[in-house]
Amino acid sequence: MSSYDELLKKAFDPEAFRREGHRVVDILADFLAKSAPETRERVLAFEDPDAMAASWAGRFGSGPSVAFSDLLPEILARSNDLLHPRFIGHQCTTALPLAALGGFAGQFLNNGSAIYEMGPVNVAMERQLVRWMTGLAGWGLAADGVFTSGGSIGNLTALLAARQAMAERNVWTAGVAAEPNLAVLVSEQCHYSVKRAAAVIGLGEDAAVPVPVDERFHMRPDGLEAAFAGAVRAGLRPIALVANACSTATGSYDDLEAAAAFAGARGLWLHVDGAHGAAALLSPKYRSLLRGLDRADSVIWDAHKNMLMPALITAVLFREGGHSYEAFSQKASYLFEKEAREEWYNFAHRTMECTKTMMGMRLFVSLAAYGTDFFAGYVTAVYDLAREFAGLLRASGDFETAVEPESNIVCFRHLKRGETDLDALQRRLRRRLLEKGNFYVVQAVLRGRTWLRCTLINPRTTIADLAALLGEIRKIASE
Ligand SMILES: *Cc1c(COP(=O)(O)O)cnc(C)c1O
């Protein structure tokens with residue numbers, strides 16, 4: 001036998017797969033077992049990018065080099081440890097272990113889900129998830145939507161649908177030159193992907209007209225009229241309003257009732273960027289943060305943020321499901337839409353992606369195994385923790401919060417006595433924290449001031465971890 005034939009036999013040998021699979025799962029389970037902060041290694045072991053890249057050079061060649069299970073311990077040791085309770089930086093969640101197994105099985109099956117034929121089970125599961133999520137949004141049976149790879153593509157997809165629905169000409173076929181003055185009103189605090197989407201769909205970034213925010217970073221309802229009038233004076237025709245639920249930097253929820261009232265009065269499409277915060281719909285305690293969402297035209301919801309899912313899985317949902325078919329419709333005629341709707345199961349009509357992973361399956365099996373109450377409990381717990389942390393900061397006397405947290409995002413800073421440049425202090429503190437590697441926090445610039453920012457997205461983070469963070473910061477500040 002040639003070595004190719006030998007390796008082929010080994011690659012698909014069920015017993016070899018079983019052995020290697022068990023070894024891999026054992027290594028991961030041991031990693032998971034180190035749940036207490038003291039037993040874990042560093043949150044992240046920052047290495048110089050060039051040195052890091054160089055260390056992986058020459059590790060594979062024309063024949064087998066190293067078994068995956070032999071490489072895995074090094075991969076774990078040198079990767080960011082999102083399972084660490086003190087990983088509280090970006091809005092990247094520790095993955096629910098079961099969902100990671102779902103992802104593994106999905107990749108094993110590799111049923112791409114662009115069309116029903118390619119991935120029937122996943123397509124059916126995603127259909128049920130969309131039903132469930134649109135129900136939580138308060139929408140009726142006319143609602144529909146799809147899953148896509150990330151909130152950035154989600155915002156793009158929703159704005160494409162808005163453009164097609166609101167433009168007077170068929171911009172999809174004729175191009176934006178046919179209607180060059182379209183614009184969208186966006187919260188000054190919108191995620192950069194919204195402005196990027198405005199540019200990608202041909203309106204131009206300048207056509208993303210900012211609406212000012214209040215002192216808590218909510219879009220100001222009384223600023224909407226002025227932004228609209230300003231856009232019109234500049235020769236633009238606003239077609240949509242994009243609100244945050246919640247914003248990325250501070251986790252602030254816009255007043256969706258006011259946004260819906262304004263959009264209704266002015267004939268605008270209301271898109272809600274719920275990438276981070278739509279999961280609050282699951283929590284009886286916090287779902288009122290999204291009051292007014294039932295009147296929106298579209299919303300995006302990242303399950304890889306506040307739903308413990310491994311990246312990526314984003315729902316793009318439409319109150320009037322027909323619009324889901326307009327985002328990428330070569331022919332926007334009613335007929336095409338009708339034909340396409342009858343083919344709800346061929347998602348390729350409605351997403352940017354052609355080949356797609358079995359993303360819904362991961363969420364579906366997790367909901368099936370643990371139930372929706374578990375996820376509701378999770379959202380409530382991490383939102384509660386943010387409020388508790390804010391209380392701790394307030395009571396400390398030497399820290400302050402930028403705003404009272406509404407979600408699980410908290411921006412705060414250390415007020416070291418006698419320090420004249422507080423912004424430089426926060427930057428120094430974060431850099432030292434990164435170097436030491438025992439906590440991961442990020443930073444945000446709000447109105448020109450620098451803040452430390454954390455997202456309490458890991459369900460195993462406790463208030464004791466956060467108290468320890470404050471202690472660590474004080475220690476670094478006094479060094
Ligand atoms: C994270 C985020 C996005 C981008 O989502 P990705 O899944 O990272 O592409 C968009 N909007 C808001 C408000 C976000 O927080």
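This section describes the overall dimensions, strand pairing, cysteines, aromatic contacts and backbone geometry of a predicted model.

The protein contains 17 helices and 11 strands. Its C-alpha trace extends over about 75 × 60 × 45 Å along the principal axes. For 479 residues, a compact globule would be expected to have a radius of gyration near 23 Å, and the value of 24 Å found for the protein agrees with this. Of the 479 residues, 50% count as buried.

Strand 4, formed by residues 237–244, is mostly covered, with 7 of its 8 residues buried. Strand 4 is paired with two other strands. Strand 2 (residues 182–187) runs parallel to strand 4 and is joined to it by 5 bridges; in this pairing Ala183 stands opposite Pro238 of strand 4. Strand 5 (residues 269–273) is also parallel to strand 4, again with 5 bridges between the two. Here Ala243 has Val272 of strand 5 as its bridge partner. The connection from strand 4 to strand 5 includes helix 11 (residues 256–266), and these three elements make a right-handed β-α-β unit.

The loop between strand 4 and helix 11 contains Cys246. The peptide bond joining Ala245 and Cys246 is cis, with omega about 10°. Cys246 has a relative accessibility of 3% and therefore counts as buried.

The structure holds 0 disulfides. Cys246 takes part in none, and the nearest cysteine sulfur, belonging to Cys411, is 11 Å away. For Cys411, the closest cysteine sulfur is that of Cys454, at 8.0 Å, which is too far for a bond, given that a disulfide requires the two sulfur atoms to be within 2.5 Å. Cys411 is buried as well, with a relative accessible area of 3%.

The number of aromatic pairs comes to 14. In one of them, the ring centres of Phe87 and Tyr440 are 4.9 Å apart and the ring planes meet at 45°, so the pair is classed as tilted. Phe87 is located in the loop between helix 4 (68–78) and helix 5 (97–109), whereas Tyr440 is in the loop between helix 16 (422–436) and strand 10 (442–446); the pair therefore ties together parts that are 353 residues apart in sequence. Phe87 and Tyr440 are both buried. Tyr286 and Tyr383 form another tilted pair, because their planes are at 50°, with the ring centres 5.3 Å apart. This pair also links distant parts of the chain, since Tyr286 belongs to the loop between strand 5 and strand 6 (298–302) and Tyr383 to helix 15 (residues 372–396), 97 residues apart. Both Tyr286 and Tyr383 are buried. In addition, one aromatic cluster is formed by Phe17, Phe104 and Phe108.

Arginine side chains are placed over tryptophan rings at two sites described here. The charged end of Arg59 sits over the ring of Trp56, at 4.4 Å from the ring centre. Arg127 lies over the face of Trp344, and the distance to the ring centre is 4.2 Å.

Further backbone features occur in the loop between helix 12 (303–306) and strand 7 (314–318), where Leu312 is placed. The peptide bond from Ala311 to Leu312 is cis, with omega near -10°. Leu308 is found in the loop between helix 12 and strand 7. Although Leu308 is not a glycine, its phi is positive, at about 65°. With a relative accessible area of 2%, Leu308 is buried.

A positive phi is also found at Arg447, which is not a glycine; the value is about 45°. Arg447 lies in the loop between strand 10 and strand 11 (449–455). The relative accessible area of Arg447 is 53%, so this residue is exposed, whereas Leu308 is buried.

Terms used. Residues numbered from 1 in each chain as written. Predicted model: local features only at pLDDT ≥ 70, side-chain atom pairs only at ≥ 80, totals over all residues. Heavy atoms only, no water. Buried < 20%, exposed > 50% of the residue type's maximum accessible area, 1.4 Å probe, protein only. Helix = DSSP H or I, 4+ residues; strand = E, 2+ residues; numbered from the N terminus. Pairing = 2+ DSSP bridges. Right-handed = clockwise from strand over helix to strand, strands pointing away. Phe/Tyr/Trp six-rings, centres within 6.5 Å; stacked < 30°, edge-to-face > 60°. Lys NZ or Arg CZ within 6 Å of the ring centre and 35° of its normal. Rg over C-alpha atoms; globule rule 2.2 N^0.38 Å.
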